[in-house]
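Biologist: Hi! Could you walk me through this one in plain words?
Modeller: Happy to, just ask away.

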Amino acid sequence: MGNQYENFLTAIDVGSSKTCVLVAEVTDGGLRYRGHGVAESRGSRKGIIVDLDKAVASVQKAVEQAEDSAGVPIEHAILGVSGAHIRGVNSHGGLTFGAKSREIGREEIRMAVDKARGVALPADREILHLLPQEFILDEQAGVHDPLGMMATRLEVRVHMVTAASSAAQNVITAVNRAGVHVDDTVFEPLACADSVLRQDERELGVCLADVGAGSTSIIIFQEGAVAHTAVIPIGGDHFTSDLAVGLCTPVAEAEKIKRLFGHAIVTLIPEGNEIEVPSVGDRASRLISQRMVGEILEPRTRELFEMLRDNLRHSGMLEFCVAGIVLSGGGSRLPGIVEIGESVLRRSMRLAWPLPLAKMPSTLAEPEFSTVLGMAFYGHRARSARGLQDDRWSSRLKSMLMGKGA
Ligand SMILES: Nc1ncnc2c1ncn2[C@@H]1O[C@H](COP(=O)(O)OP(=O)(O)OP(=O)(O)O)[C@@H](O)[C@H]1O
Ligand SMILES: [Mg+2]
């Protein structure tokens with residue numbers, strides 16, 4: 001943005017079901033809502049662009065709406081990236097300075113992190129984030145701030161989030177073609193965490209699951225750092241298509257039925273309830289028992305949480321989620337989802353609503369907007385970190401490691 005608009009921050013979330021653009025203003029009192037736009041997503045599925053022209057048109061529509069409501073032109077933005085092509089891995093690297101200990105400066109930290117990122121990546125993958133977990137100084141682990149300390153050897157453990165280069169690039173291209181420059185990209189649940197997780201949860205160990213339309217993105221924090229990230233290929237749209245097939249009704253009708261009558265626990269639906277289901281073709285609509293809706297949705301809900309449980313078990317993370325699991329995203333609105341999730345994972349679960357921006361309309365205070373709101377908080381945090389002159393490693397490292405683009 002030009003100088004005139006440098007206090008504005010725009011976030012773009014190209015989701016599987018909706019494309020959302022949020023404009024916030026950075027004020028002395030923090031972030032303030034300025035405007036937003038939402039358009040139905042077309043041309044993008046599960047984080048992948050399948051029809052560029054349609055995706056560009058959706059972004060353009062949401063951007064224009066946001067420009068009108070904010071009263072400012074949108075030229076730059078931070079963009080969310082997600083989808084099943086994302087992989088998270090933990091890595092480790094370090095360097096020895098010699099027999100005599102040396103004071104650790106910014107350059108030494110940079111070199112250690114370079115070693116950690118040095119693992120061979122396939123040519124078609126790129127690093128989205130390098131998130132430091134801890135530093136190890138002369139075999140003393142658990143150091144959060146090595147700056148200014150003395151050591152003969154410095155090691156760092158990082159969590160690396162990688163994306164398929166072409167998939168990430170295609171979303172950037174769609175936004176560029178809509179006339180907006182992408183300043184920075186962020187793995188969506190990392191940003192979402194900023195709007196829904198509390199610091200004590202991050203310290204204790206928590207899993208955030210953003211149940212979107214095309215997939216469920218997860219991120220785990222332990223001792224305040226990112227320990228694991230993954231994407232589970234089931235989202236709310238799978239629930240809808242199960243209903244469409246099971247009830248033999250058009251997808252749009254299945255979506256309405258899910259929102260109006262959906263429940264993840266069959267036995268909690270009163271036995272006598274009947275609902276009208278439109279048929280496909282020109283057949284007459286039918287009356288069915290509402291319990292049938294639950295009979296279709298409950299197994300899918302269990303499957304989602306079984307996949308989450310297996311992912312957390314295989315990565316060795318389940319036992320670390322002491323503060324439980326936090327659900328967000330539009331798919332988390334299905335009644336009964338928390339009870340099923342708790343019974344499958346045997347962990348406490350809560351539904352999260354996003355932290356509001358000042359002056360924000362209440363329509364945005366919904367779980368499907370947690371990610372775009374989190375992107376505004378994340379963008380603000382990253383921007384402040386770049387501007388900070390203090391010596392705290394977190395802010396300095398952030399500016400070093402996250403400071404791509406602008
Ligand atoms: N009341 C509801 N009950 C059940 N599901 C709902 C409800 N409201 C919305 N959903 C589902 O939430 C999903 C959309 O959520 P969201 O807007 O978070 O997805 P997205 O960000 O577009 O997709 P993704 O994150 O996968 O790219 C849809 O599958 C929709 O059916
Ligand atoms: Mg989403």
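Biologist: Is E223 buried, exposed or partly exposed, and why?
Modeller: E223 counts as partly exposed because it has 14 C-beta neighbours inside 10 Å. Buried takes 20 or more other C-beta atoms within 10 Å of a residue's own, exposed takes 12 or fewer, and partly exposed is in between, with C-beta atoms placed from the backbone.

Biologist: Where is E223 found?
Modeller: E223 is in the loop between β15 (216-222) and β16 (225-232). Strands are DSSP runs of E with at least two residues, helices are runs of H or I with at least four, and both are numbered from the N terminus. The phi of E223 is positive, near 50°, and the residue is not a glycine.

Biologist: What sign does phi usually have?
Modeller: Most residues other than glycine have a negative phi.

Biologist: Before we go on, what kind of model is this?
Modeller: This is a predicted model: local features need pLDDT of at least 70, side-chain atom pairs count only at pLDDT 80 or more, and totals for chains, interfaces and linings use all residues. Residues are numbered from 1 along each chain as its sequence is written, while chains are lettered from A and ligands numbered from 1 in the order in which they are written.

Biologist: Got it. What is the phi of D138 near?
Modeller: For D138, phi is near 45°, again a positive value in a residue other than glycine. D138 sits in the loop between β9 and β10.

Biologist: New topic: what is the strand order in the open sheet of 4 strands?
Modeller: The order is β7-β12-β9-β10, with antiparallel pairing; two strands pair if DSSP finds at least two bridges between them. β7 (87-96) and β10 (140-143) are at the edges with a single partner strand each, so one side of each has no neighbour in the sheet.

Biologist: How many bridges join β7 to β12?
Modeller: There are 10 bridges between β7 and β12 (residues 153-164). One partnership involves G88, whose bridge partner in β12 is V161.

Biologist: And which residues are buried in helix α9?
Modeller: In α9 (residues 337-345), the buried ones are I337, I340, G341 and L345. They lie on the same side of α9, because they cover an arc of only 115° around the axis, the arc being that of the directions from the helix axis to the C-beta atoms.

Biologist: What follows α9?
Modeller: R346 does, and its phi is positive, near 55°.
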